[in-house]
Amino acid sequence: MLLVILSIGIQSYAQCCASGNPFISDAEQPALQSKVLTAALTYRYSHSEIFYHDDSRYRDLKFTQTANVNYTELQLAYGITKWLTVMGDLGYFFNKTLHTEGQDPMRGYGLGDAALYLKFNLYSNAKARFNISPSIGMKFPVGVFDQEVDNVKLPISVQPSSGSFKYLATVFISKGIAKKMAIAGFVSYEYAQLIESENFYYKYGQQWIGAIYFNYKIIKNLSLDLQMRNEYRAKATRENNEIVESSGYNVTYFTPQLTYAFKYNWYLSAFSDIPVYKYYNGIQMSFGYALSVRLTKKIDFIAIQTRVKAKKSN
Amino acid sequence: MERINTVTKSFSTRIDKPLDMHKIFILFILSTGMFFSCSKEKNDKSTGDITIQSLTCTVNPVKAWDTTLITVEATGSNLQYGWVANHGDFKGSGKTIKYAAGECCVGLNTITCRVFNETGESSDTIMIRVTSYYNP
């Protein structure tokens, strides 16, 4: 918790109003065991205000701008078999607000994107504590993408939905390296489909995310994750296949996370995203920081059945 | 005006190709004209008693993060105004609105104005070129 609290005070930067649902940094987990259900509710606050050009702060703008986002995400995952897990999530923005000095703020809110993933338990060795879980997924722009205020359409940057179908592929690998310690990592790729509507013609750049993290069990019910994650997004394209020069970035985050396991398989996690390196093409508002809290409930139906049978036999 | 529109579109699609002196001269003349008047495309979507007479802006091209004022003049009763930009954002509402776009939105952008009332609606578009704030 100390690391999370300290992280609030660190001046840091990352991407502003990225379109669509934000990446929840602990979303990448291995496939579940058979007949295990997890339900997680995450709340995330993020703040941005500093403009970047390449890898340094850009100070020549004659105005100030800040952005903040209050976001929540519901995630459900179920292990259908011992090798296949289905996972879905749905995001909701309480607000996605851009404040420009001397002007009324622009605020978008509402449903974001939904996502559906298939996770495969490709290799799992309980004795060696080694696991490989590839997954594929798709994001659906089910949310609000045409929000207006006084008949004036809000810009894409504050619309809750990305407006684009996206396709994802991820490989997650974890390995226990000591009694209380594990190392894990993942590589994720996202391809966004062209948005072609009456008013918009836009294609987000491809995204690559690579992460490595250490998990350490501090005490029986408390664990710490220290994650380093790199996000790369290529430049976007617009009408006539013009490249949007001020789009795309390469940001490395440090994400400390604490998780406490309560009785009856309830888990509470707190984590923050702190950029430690940033490179933005052109001039873009960079991401400041994000703070997240996640509540997870795990239900193991096989364990429940076993307990019920044991009670009956007694 | 229609000719300016046509050539402006052509310019935007061919800007990456080498230009000879003849084309540069034509583009210079056209860009001078654009300084004084904004390009505009007529849209035939019109119902009810509304007629859009003009859709103009004060500055075009406009530098990233600078503002241009766009005004629509239309006839009809109890008119309301809706605005959409394919890139960039607005400040305010009504028949005159401020448009600005950041570095993310450099290029030739389309702004659509929809005028409507209880009898129907009419819409029109204007093209505004946003130029880079930062020139390395």
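This passage describes a predicted model of two chains, A and B, beginning with confidence and moving on to sheets, cores and the contact between the chains.

Chain A has a mean pLDDT of 90, and 93% of its residues reach 70 or more. The exception to keep in mind here is the stretch of residues 1-16 of chain A, where the pLDDT is below 50. Beyond near neighbours in sequence, this stretch still has 43 contacts in the model. Where pLDDT is low, the predicted coordinates should not be read in detail.

Chain B offers a convenient place to start on the fold. Its secondary structure comes to two helices and nine strands, and along the sequence these elements follow the pattern α-α-β-β-β-β-β-β-β-β-β. Of the 136 residues in chain B, 34% are buried. Among the contacts of chain B with a separation of 6 or more, 64% involve residues 24 or more positions apart.

Four strands of chain B form an open sheet in the order E2-E4-E7-E6, with antiparallel pairing. Strand E2 (51-57) and strand E6 (89-91) of chain B are the edge strands, each pairing on one side only. On average, neighbouring strands of this sheet are turned by 30° against each other, direction ignored. The sheet can be followed pair by pair from one edge to the other. E2(B) and E4(B) are antiparallel and share six bridges, and B:Thr56 stands opposite B:Thr71 of E4(B). E4(B) is in turn joined to E7(B) by five bridges, again in the antiparallel sense; here B:Thr68 has B:Tyr99 of E7(B) as its bridge partner. At the other end, three bridges link E6(B) to strand E7 (residues 96-100) of chain B, and these two strands also run antiparallel. In this pairing, B:Asp89 is matched with B:Ala100 of E7(B).

B:Tyr99 also appears in the largest nonpolar core, which has 35 residues. Together with B:Ile111, B:Ile126, B:Ile128 and B:Val130, B:Tyr99 touches the most other members of this core. At least two core residues come from each of E2, strand E4 (67-75), strand E5 (80-85), E7, strand E8 (107-117) and strand E9 (120-131) of chain B. E8(B) gives the most, with five residues. The surroundings of B:Val130 can be listed in full: leaving out residues up to four places away in sequence, B:Val130 touches B:Pro61, B:Val62, B:Ala64, B:Gly88, B:Ala101, B:Cys105, B:Val106, B:Gly107 and B:Asn109. A second, separate core has 21 residues, including A:Ile50, A:Phe93, A:Ile274 and A:Ala290. In soluble globular proteins, nonpolar side chains tend to be buried together.

A glycine in chain B also deserves a look. B:Gly102 lies in the loop between E7 and E8 of chain B. B:Gly102 counts as buried because 23 other C-beta atoms lie within 10 Å, where 20 or more are required. Apart from neighbours within four places in sequence, B:Gly102 is in contact with B:Ala64 and B:Trp65. B:Ala64 is also among the residues touched by B:Val130. By contrast, B:Thr75 is 27 residues from B:Gly102 in sequence and 33 Å away in space, C-alpha to C-alpha.

In chain A, a set of antiparallel strands can be traced through strand E14 (residues 207-219). Strand E11 (residues 181-192) of chain A pairs with E14(A) over ten bridges, and A:Val187 has A:Gly210 of E14(A) as its bridge partner. E14(A) is also joined to strand E15 (residues 222-233) of chain A by twelve bridges, with A:Tyr213 opposite A:Gln227 of E15(A). Two residues separate E14(A) from E15(A), and the two strands form a hairpin.

Finally, the contact between the chains takes 22 residues from chain A and 23 residues from chain B. On the side of chain A that touches chain B, strand E9 (152-153) and strand E19 (266-300) of chain A each supply at least two residues. The largest share of that side, three residues, comes from E19(A). By residue type, the side of chain A that touches chain B divides into eight nonpolar, nine polar and five charged residues.

Notes. Residues numbered from 1 in each chain as written. Chains lettered and ligands numbered in written order. Predicted model: local features only at pLDDT ≥ 70, side-chain atom pairs only at ≥ 80, totals over all residues. pLDDT = per-residue confidence, 0-100. Contact = placed C-beta atoms within 7 Å. Pairing = 2+ DSSP bridges. Axes fitted to C-alpha atoms, helices over the stretch in contact; angles between N-to-C directions. Buried ≥ 20, exposed ≤ 12 C-beta atoms within 10 Å, placed from the backbone. Nonpolar A, V, L, I, M, F, W, Y, C, P; charged D, E, K, R; others polar. Core = buried A, V, L, I, M, F, W, Y, C linked by C-beta atoms within 7 Å.
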